[in-house]
Amino acid sequence: MKKRIMIYGDSNTHGYNAEDGSRFDENTRWTGVCQNILGEGYVIVEEGLNGRNTCHSIPGEEYKNGLAYILPCVLSQLPLDMICVKLGSNDFDPMLDPDPVKIAQSAADILKLAVMVAEEKYPERPCKYVLMAPLNATEDALTGDFAEYYDRETVELSKEGPAAYKAQAEKDGFMYFDANEFAVCCKKDGVHLDEENHKKLGEAMAAWIKENL
């Protein structure tokens with residue numbers, strides 16, 4: 001039986017290409033790199049959406065609320081052996097009054113709902129749950145294509161994300177993975193992965209999955 005891993009994320013899971021606004025192909029996206037390394041015994045289920053946040057229903061973009069969509073998303077993809085929530089980058093928008101601890105809590109709330117749904121539907125099939133720290137914004141975010149969504153304070157706050165996510169994962173008993181240990185955002189906009197860093201993250205995640213699933 002193949003092991004099914006769902007990655008629930010934002011534009012860096014979708015594969016947004018900062019150079020031209022297109023989408024990287026399936027062999028370039030970090031999830032695809034991970035799939036190719038893991039091989040036939042695994043299925044990486046990509047669930048990435050540009051602009052998805054943890055819990056905010058922004059007028060006109062309510063569909064980007066990660067908490068609101070996780071239930072139907074999990075139900076449509078079950079059975080699963082691992083669910084990874086990699087959200088939070090878009091919550092550092094200054095308009096959302098960002099707080100790293102609260103953002104980590106909101107990401108964990110999504111995972112808790114995923115646990116409830118998965119265990120209720122497939123109680124006999126153990127599933128592992130991973131809280132993934134999103135990528136920190138870099139200084140390039142202040143002058144890049146998404147500069148309107150970042151200021152110096154929020155760039156600095158984003159650097160506090162990994163510690164907050166790690167603490168939250170330990171509190172809730174989730175597994176933890178920090179994307180920042182393996183990849184950095186591109187020079188173009190400071191918030192998205194380029195091809196090289198998709199490769200680095202995909203390789204790291206594949207190795208981690210082999211060890212932990």
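A cavity is here taken as a set of grid points where a 1.4 Å probe fits but cannot get out, and the volume of such a cavity is the space filled by probe spheres set on the points. In this predicted model, the count comes to three cavities of 30 Å³ or more, and the largest cavity has a volume of about 50 Å³. The lining of the largest cavity is formed by S89, F92, L135, N136, A137, Y150, S158, C185, G190 and V191. Of these lining residues, six are nonpolar and four are polar, with no charged residue in the lining.

The open space was examined in the same terms. The largest pocket holds about 440 Å³ of space, and of the 20 residues that line this pocket, those closest to its centre are N50, G51, N90, F146 and Y149. The pocket lining divides into eight nonpolar, eight polar and four charged residues, whereas the lining of the largest cavity contains no charged residues.

Two of the residues named at the pocket centre, F146 and Y149, also take part in aromatic pairing. A pair of aromatic rings is described by the distance of the centres and the angle of the planes. The structure holds four aromatic pairs, one of which is the tilted pair of F146 and Y149, with 6.1 Å from centre to centre and 35 degrees between the planes. F146 counts as partly exposed because its relative accessibility is 22%, a value to be read against the cut-off of 20% under which a residue is called buried. Y149 is likewise assigned to the partly exposed class, at 37% relative accessibility. A second aromatic pair, formed by F177 and F182, is stacked, with 5.4 Å between the centres and 20 degrees between the planes. In this stacked pair F177 is buried, with a relative accessible area of 3%, while F182 is partly exposed, with a relative accessible area of 34%. Ring pairs further link Y16, F146 and Y149 into a cluster.

Attention then turned to the enclosed secondary structure. Helix α2, which spans residues 30-38, is largely enclosed by the rest of the structure, because seven of its nine residues are buried. The buried residues of α2 are W30, T31, G32, V33, C34, Q35 and L38. The elements that cover these buried residues include the strands β1 (3-9), β2 (42-48), β3 (82-86) and β4 (128-133), together with the helices α1 (11-14) and α7 (195-212). Just after α2, G39 takes a positive phi of about 85 degrees.

Two of the strands that cover α2, β3 and β4, are also paired with each other, in the parallel sense and over four bridges. Within this arrangement M82 stands opposite K128 in β4. Strand β4 is itself mostly covered, with five of its six residues buried.

A further buried position is found in helix α5, residues 152-158, where T154 is placed. T154 counts as buried because its relative accessibility is 2%, which lies under the 20% cut-off. When residues up to four places away in sequence are not counted, T154 touches F92, P94 and P98. One of these contacts, F92, is also among the residues that line the largest cavity, as is S158, a residue within the span of α5.

Methods. Residues numbered from 1 in each chain as written. Predicted model: local features only at pLDDT ≥ 70, side-chain atom pairs only at ≥ 80, totals over all residues. Heavy atoms only, no water. 1 Å grid on protein atoms, 1.4 Å probe; cavity = no way out; pocket = protein on both sides within 12 Å on 5 of 7 lines; lining within 4 Å. Nonpolar A, V, L, I, M, F, W, Y, C, P; charged D, E, K, R; others polar. Phe/Tyr/Trp six-rings, centres within 6.5 Å; stacked < 30°, edge-to-face > 60°. Buried < 20%, exposed > 50% of the residue type's maximum accessible area, 1.4 Å probe, protein only. Contact = heavy atoms within 4.5 Å. Pairing = 2+ DSSP bridges.
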